Amino acid sequence: MPKPLRKAVLPVAGLGTRFLPATKQMPKEMLPVVDKPLIQYAVEEARAAGIEQFCFVTGRGKTMLVDQFDVAYELERTLAERNKAKELEMLRDQALAPGAIVSTRQQVPLGLGHAIWCARSFVGEEPFAIMLPDDLMLCDTSCMKQLADAYAETGGNVVAIEEVPKEHVSRYGVIAPGTTRGNLVEVTGLVEKPPIEKAPSNLTVIGRYVLMPEVMAHLSKMEKGAGGEIQLTDSMAKLIGSQPFHGLRYEGRRFDCGSKEGYLEAQVAFALSRDDMAPAMQSILKKYSS
């Protein structure tokens with residue numbers, strides 16, 4: 001039986017320069033979609049997969065991310081005094097157990113692989129999830145729950161994958177596909193941001209992973225890849241052949257909230273998915289469609 005998946009690493013040290021001036025003081029992961037920040041969507045997605053422990057790999061000035069999951073005594077007292085029972089219950093339902101969140105610093109921006117390596121003590125010898133909050137998922141079944149189920153079935157590394165137009169492959173990590181079984185695709189190779197003519201497929205890795213702890217040994221070598229950065233993809237590729245490795249064609253939709261266009265589309269999609277917000281959003285869209 002594979003070890004239980006209990007831990008998730010969230011690399012959140014980026015500066016969010018594409019969203020300046022909004023992100024001058026506020027971390028980009030605190031940008032709200034409707035009424036909830038991106039970081040909270042990611043944590044709730046992970047909790048739906050049974051994940052209990054979280055490591056935020058942060059940078060200077062990003063303590064707000066941890067504060068989001070702390071107890072807000074003054075706020076809760078005020079809500080109680082004003083008989084705001086619904087709001088108080090919501091806050092308490094979202095609370096995490098003491099010690100469920102830790103944070104570590106990525107002092108220098110050396111790439112995603114380096115950020116994940118910074119969480120090596122947290123990971124230890126256990127399998128772990130990686131979640132990039134910029135990728136906001138709208139799924140009937142939590143995207144991470146889908147990956148966790150695939151991990152339980154295969155006992156190895158699993159990454160969420162999706163097809164993109166061939167001309168966009170140079171923006172992503174791309175898999176070389178092997179045998180396909182249902183939504184699971186065997187990964188026989190991985191390459192980060194390949195030129196279009198050298199891409200092994202148009203199946204790309206998005207910001208959801210379940211990896212075995214052995215990836216840390218490869219990351220520790222600090223080998224630079226595409227863009228002169230330490231690429232997670234390069235170290236994942238070194239696990240192929242020694243451990244099971246699959247891509248999962250997840251069921252749902254991804255919104256790239258690292259771009260303004262994706263962030264705006266997410267606002268519309270998530271509002272339309274909610275019974276309390278859909279009528280208002282439909283009215284707004286109708287107003288601006290003429």
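These legends accompany close-up views of a predicted model.

**View 1. Helices H10 and H11 meet at an oblique angle.** H10 spans residues 260–272, and H11 spans residues 278–289. Their axes come within 7 Å and cross at roughly 135°. That angle is neither over 145° nor within 65 to 115°, so H10 and H11 count as oblique to each other. On the H10 side, the contact uses Gln267, Val268, Ala271 and Leu272. H11 contributes Ala278, Met281, Gln282 and Leu285. Six of the contact residues are nonpolar, two are polar and none is charged.

**View 2. Phenylalanine 19 and tyrosine 263 form an edge-to-face pair.** The whole structure holds four aromatic pairs. In this pair the ring centres lie 5.5 Å apart. The planes stand at 80°, so the pair is edge-to-face. Phenylalanine 19 sits in the loop between strand S1 (7–11) and strand S2 (32–33). Tyrosine 263 belongs to helix H10. The two residues are 244 residues apart, and their pair links distant parts of the chain. Both phenylalanine 19 and tyrosine 263 are buried.

**View 3. Tyrosine 41 pairs with phenylalanine 270.** This pair is also edge-to-face, at 5.2 Å centre to centre. The angle between the planes is 70°. Tyrosine 41 lies in helix H1 (residues 38–47), and phenylalanine 270 lies in helix H10. The pair spans 229 residues and links distant parts of the chain. Tyrosine 41 and phenylalanine 270 are both buried. Together with Phe255, Tyr41 and Phe270 form one aromatic cluster. Lysine 36 lies over the face of tyrosine 41, at 5.0 Å from the ring centre.

**View 4. Arginine 120 is placed over tryptophan 117.** The charged end of arginine 120 sits over the tryptophan 117 ring. Its distance from the ring centre is 3.7 Å.

**View 5. A cis peptide bond joins leucine 20 and proline 21.** Omega is about 5° here. Proline 21 is in the loop between S1 and S2. Phenylalanine 19 of View 2 lies in the loop between S1 and S2 too.

**View 6. Valine 34 and lysine 193 have positive phi values.** Valine 34 has phi near 60°. Its place is in the loop between S2 and strand S3 (36–37). With a relative accessible area of 28%, valine 34 is partly exposed. Lysine 193 has phi near 50°. This lysine is found in the loop between strand S10 (184–192) and strand S11 (203–211). Lysine 193 has 42% relative accessibility and so counts as partly exposed.

Key
Residues are numbered from 1 along each chain as its sequence is written. This is a predicted model: local features need pLDDT of at least 70, side-chain atom pairs count only at pLDDT 80 or more; totals for chains, interfaces and linings use all residues. Side-chain values use heavy atoms; hydrogens and water are left out. Axes are lines fitted to C-alpha atoms, for helices over the stretch in contact, and angles run from 0 to 180 degrees between N-to-C directions. Helices (H or I, at least four residues) and strands (E, at least two) are DSSP runs, numbered from the N terminus. Angles under 35 degrees count as roughly parallel, over 145 as roughly antiparallel, 65 to 115 as roughly perpendicular and the rest as oblique. Contact means heavy atoms within 4.5 Å. Ala, Val, Leu, Ile, Met, Phe, Trp, Tyr, Cys and Pro count as nonpolar, Asp, Glu, Lys and Arg as charged, and the others, Gly among them, as polar. Rings of Phe, Tyr and Trp (its six-membered ring) pair if their centres lie within 6.5 Å; planes under 30 degrees apart count as stacked, over 60 as edge-to-face and the rest as tilted. Buried means under 20% relative accessible area, exposed over 50%, partly exposed in between (1.4 Å probe, protein chains only). A charge sits over a ring if NZ of Lys or CZ of Arg is within 6 Å of the ring centre and within 35 degrees of the ring normal.
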